[in-house]
Every structure is written in structure tokens, then in C-alpha cells.
Amino acid sequence: MVKYEFYVNQYLGSAIPEKAFSGVAAQAQQHLDRFKRIYRVDSSGEAAEGMAVCAMAETLWDRRKEGTASASIGGVSVRYTADKLPLNRALYQKASIYLDIYRGVG
């Protein structure tokens, strides 16, 4: 699992507080493990995977911070999210910066 020290010193991240990092990094690692199960993922080593996990963790953290907004009029309520891309697609794009992910026949 990626440590906070790696996040700060290698990835040069600062968006995720230390207390929250291990939980968010664990979620990012789970998403990366899923990508490895369904796609062919090639990396140039542990550092590349660590960088991918950090990038994905920041995406998860940003989504958590954005949250949702809601509005109610009478008995009708609507929830809005600030998501620009579906979460899986955003995480895939972040991981693809550091890892070669092959989705097709290869």
C-alpha cells in the first residue's frame, strides 16, 4: 500500500490530509486492483503504480469534497452532483497517465 510519505515526497501531493490518506489510498488501490482483473495493466515498477494510486486517490478525495447539492420544492426533491466524468472513467484516465492499460484484444 502507498504510504503518505510517498504521496508527499515522490508524487509531490498536498491535497489529501495525512489523516485521510490511508483510507482514500486504499480505495484507489481497490480500483486499480479491479483494473488489473479486467484489463491488461503494464507498469514500469512499483513507483509507477504508486504514482497511479496517488493520482486516483486525489480524484477520489476531490469527488468526496465536492459532494452533492439538493433542492426541494414541495414534495419533489432533486440531487445534483458536480461530477464532470463518471468516476470509473476519471480513475481510468488518472491511472493511464502512469500505467499502460490495454482494454482490447492484445
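Which residues do ring pairs link into a cluster? In this predicted model, the cluster consists of Tyr 4, Tyr 7, Tyr 11, Phe 21 and Tyr 98. Before turning to these rings, it helps to look at the fold that carries them.

The protein contains four helices and four strands, which follow one another along the sequence in the pattern α-α-β-α-β-β-α-β. Of its 106 residues, 32% are buried. Contacts across the sequence are well represented: when residues at least 6 apart in sequence are considered, 66% of their contacts join residues at least 24 apart. The exposed area of the protein is about 7,000 Å², and carbon and sulfur atoms account for 50% of that area.

Aromatic pairs number eight in total. One of them brings together Tyr 4 and Tyr 7, with ring centres 5.8 Å apart; their planes stand at 45 degrees, and because this angle falls between the limits of 30 and 60 degrees, the pair is classed as tilted. Both tyrosines belong to helix α1 (residues 4–9), where a spacing of three residues, about one turn of the helix, separates Tyr 4 from Tyr 7. Tyr 7 has a relative accessibility of 0% and therefore counts as buried.

A second example is the pair formed by Phe 35 and Tyr 92. Here the ring centres lie 5.9 Å apart and the planes meet at 85 degrees, so the arrangement is edge-to-face. This pair connects distant parts of the chain, since Phe 35 sits in helix α2 (residues 18–38) and Tyr 92 in helix α4 (residues 87–98), 57 residues apart. Both Phe 35 and Tyr 92 are buried.

Tyr 92 also takes part in an arrangement of another kind: the charged end of Arg 103 is placed over the ring of Tyr 92, at 4.7 Å from its centre. A comparable arrangement involves Arg 40, which lies over the face of Tyr 102, 4.2 Å from the ring centre.

Phe 35 leads in turn to Met 56, one of the residues in helix α3 (residues 46–66). What does Met 56 touch, leaving aside residues up to four places away in sequence? Its partners are Ala 28, His 31, Leu 32, Phe 35, Leu 91, Lys 94 and Ala 95. With a relative accessibility of 0%, Met 56 counts as buried. The C-alpha atoms of Met 56 and Leu 87 are 10.0 Å apart in space, while 31 residues separate Met 56 and Leu 87 in sequence.

Note on methods: Residues are numbered from 1 along each chain as its sequence is written. This is a predicted model: local features need pLDDT of at least 70, side-chain atom pairs count only at pLDDT 80 or more; totals for chains, interfaces and linings use all residues. Side-chain values use heavy atoms; hydrogens and water are left out. Helices (H or I, at least four residues) and strands (E, at least two) are DSSP runs, numbered from the N terminus. Buried means under 20% relative accessible area, exposed over 50%, partly exposed in between (1.4 Å probe, protein chains only). Contact means heavy atoms within 4.5 Å. Accessible areas come from the Shrake-Rupley method with a 1.4 Å probe; for residues, only the protein chains shown count as cover. Rings of Phe, Tyr and Trp (its six-membered ring) pair if their centres lie within 6.5 Å; planes under 30 degrees apart count as stacked, over 60 as edge-to-face and the rest as tilted. A charge sits over a ring if NZ of Lys or CZ of Arg is within 6 Å of the ring centre and within 35 degrees of the ring normal.
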